[in-house]
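Biologist: I would like to go through this chain with you, one question at a time. Please show it first.

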Amino acid sequence: MAYKYITEYDSPNFGYPIGTHGQNKPKQIVIHHWGSDDSTFSGVVNWLCNPKSEVSAHFVVEAGRSACLVNWNDAGWHAGNKDVNMSSIGIECHPRCSYADMVEVAKVIAMLWKEYGKLPLIGHKQVVATACPGRWYDKLGKLKEMAEVVFNGGELSETEC
């Protein structure tokens, strides 16, 4: 499956006050999952780009594609905590948490590590009381291992061995 990095979307939901650029000083990556298994990639992107939602994420990711919605150096509204929003990158992941989804998220993490160093991964529920990131939480260690492979120039199989 070919990787597609999408940059055509811009969420207006960032910054304190709204629209302020350059506030994010990433120290960690917060892993999220979106709504339900039947929510669509484009539906999630459109919601996070809607001013009425009052939420955003830096990335929306599923197998084969990732969309960047908020500039990495801007504070996205993803963690439910202003201080964390101003010191993290938020990645919204498909809730099914398939191996192919993990491959795509690992690629995004490795890309971010090349820019900011090896930022730790945390689940959204480590910031606020929530079930998010669902299935992803127990796989954060595996996700980190996969990102290490990509970061070090290796390739991940498109299907789990």
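Modeller: A residue is called buried when its relative accessible area is under 20%, exposed when that area is over 50%, and partly exposed in between. Please keep in mind that this is a predicted model.

Biologist: What percentage of the residues in the chain is buried?

Modeller: The cut-off for a buried residue is a relative accessible area under 20%. Applied to the 161 residues of the chain, it gives a buried share of 50%.

Biologist: In what order do the helices and strands follow one another from the N terminus?

Modeller: There are four helices and six strands in the chain. Read from the N terminus on, their order is β-β-α-β-β-α-β-α-β-α.

Biologist: How does the radius of gyration of the chain compare with the globule rule, and what is its value?

Modeller: For 161 residues the globule rule gives 15 Å, and the chain comes close to that, so it is as compact as a globular protein of that length. The C-alpha atoms fill a box of roughly 45 × 35 × 30 Å along the principal axes. The radius of gyration itself is 14 Å.

Biologist: Among contacts between residues at least 6 apart in sequence, what percentage joins residues at least 24 apart?

Modeller: A contact here needs heavy atoms within 4.5 Å. Of the contacts between residues at least 6 apart in sequence, the share that joins residues at least 24 apart is 75%.

Biologist: Which element supplies the largest share of the largest nonpolar core?

Modeller: In soluble globular proteins, nonpolar side chains tend to be buried together. Here the largest nonpolar core has 29 residues, and those with the most contacts inside it are Ile29, Ile31, Phe59, Ile91, Val105, Ile109 and Leu143. At least two residues each come from β2 (28-33), β3 (59-62), β5 (88-93), α3 (99-116) and α4 (140-151). The largest share, 10 residues, comes from α3.

Biologist: Which residues of α3 (99-116) does Ile91 touch?

Modeller: Residues up to four places away in sequence are not counted here. On that basis Ile91 touches Ile29, Val30, Ile31, His32, Phe59 and Val61. Since α3 spans 99-116, its residues in the contact list of Ile91 are Val105, Val108, Ile109 and Leu112.

Biologist: How many residues does the second core have?

Modeller: This second core is separate, and it includes Phe14, Trp34, Phe41 and Val70. Its count is 13 residues.

Biologist: Which proline follows the cis peptide bond with omega near -5°, and which follows the one with omega about 20°?

Modeller: The bond with omega near -5° runs from Tyr16 to a proline in the loop between β1 (4-6) and β2. The bond with omega about 20° joins Cys132 to a proline in the loop between β6 (121-123) and α4. The two prolines are Pro17 and Pro133.

Biologist: Glu54 and Cys97 each have a positive phi; which is buried and which is exposed?

Modeller: Phi is about 55° for Glu54, which sits in the loop between α1 (41-48) and β3. For Cys97, phi is near 55°, and the residue is found in the loop between β5 and α3. Because the relative accessibility of Glu54 is 59%, it counts as exposed. At 4%, the buried one is Cys97.

Biologist: Is Gly15 buried or exposed?

Modeller: Gly15 is placed in the loop between β1 and β2. Leaving aside neighbours within four places in sequence, Gly15 is in contact with Thr20, Gln23, Ala75 and Trp77. Its relative accessible area is 1%, so Gly15 is buried.

Biologist: Which residues does Pro120 touch?

Modeller: Pro120 is in the loop between α3 and β6 and counts as partly exposed, because its relative accessibility is 44%. Not counting residues up to four places away in sequence, Pro120 touches Lys27, Gln28 and Ile29.

Biologist: How far apart are the centres of the positive and negative side chains?

Modeller: The chain carries 15 positive and 18 negative side chains. The centres of the two sets are separated by 3 Å.

Definitions and conventions
Residues are numbered from 1 along each chain as its sequence is written. This is a predicted model: local features need pLDDT of at least 70, side-chain atom pairs count only at pLDDT 80 or more; totals for chains, interfaces and linings use all residues. Side-chain values use heavy atoms; hydrogens and water are left out. A nonpolar core is a set of buried Ala, Val, Leu, Ile, Met, Phe, Trp, Tyr and Cys residues joined through side-chain atoms within 4.5 Å. Buried means under 20% relative accessible area, exposed over 50%, partly exposed in between (1.4 Å probe, protein chains only). The radius of gyration is taken over C-alpha atoms; the globule rule is 2.2 Å times the number of residues to the power 0.38. Lys and Arg count as positive and Asp and Glu as negative; His and the chain ends are not counted. The place of a charge is taken as NZ of Lys, CZ of Arg, CG of Asp or CD of Glu.
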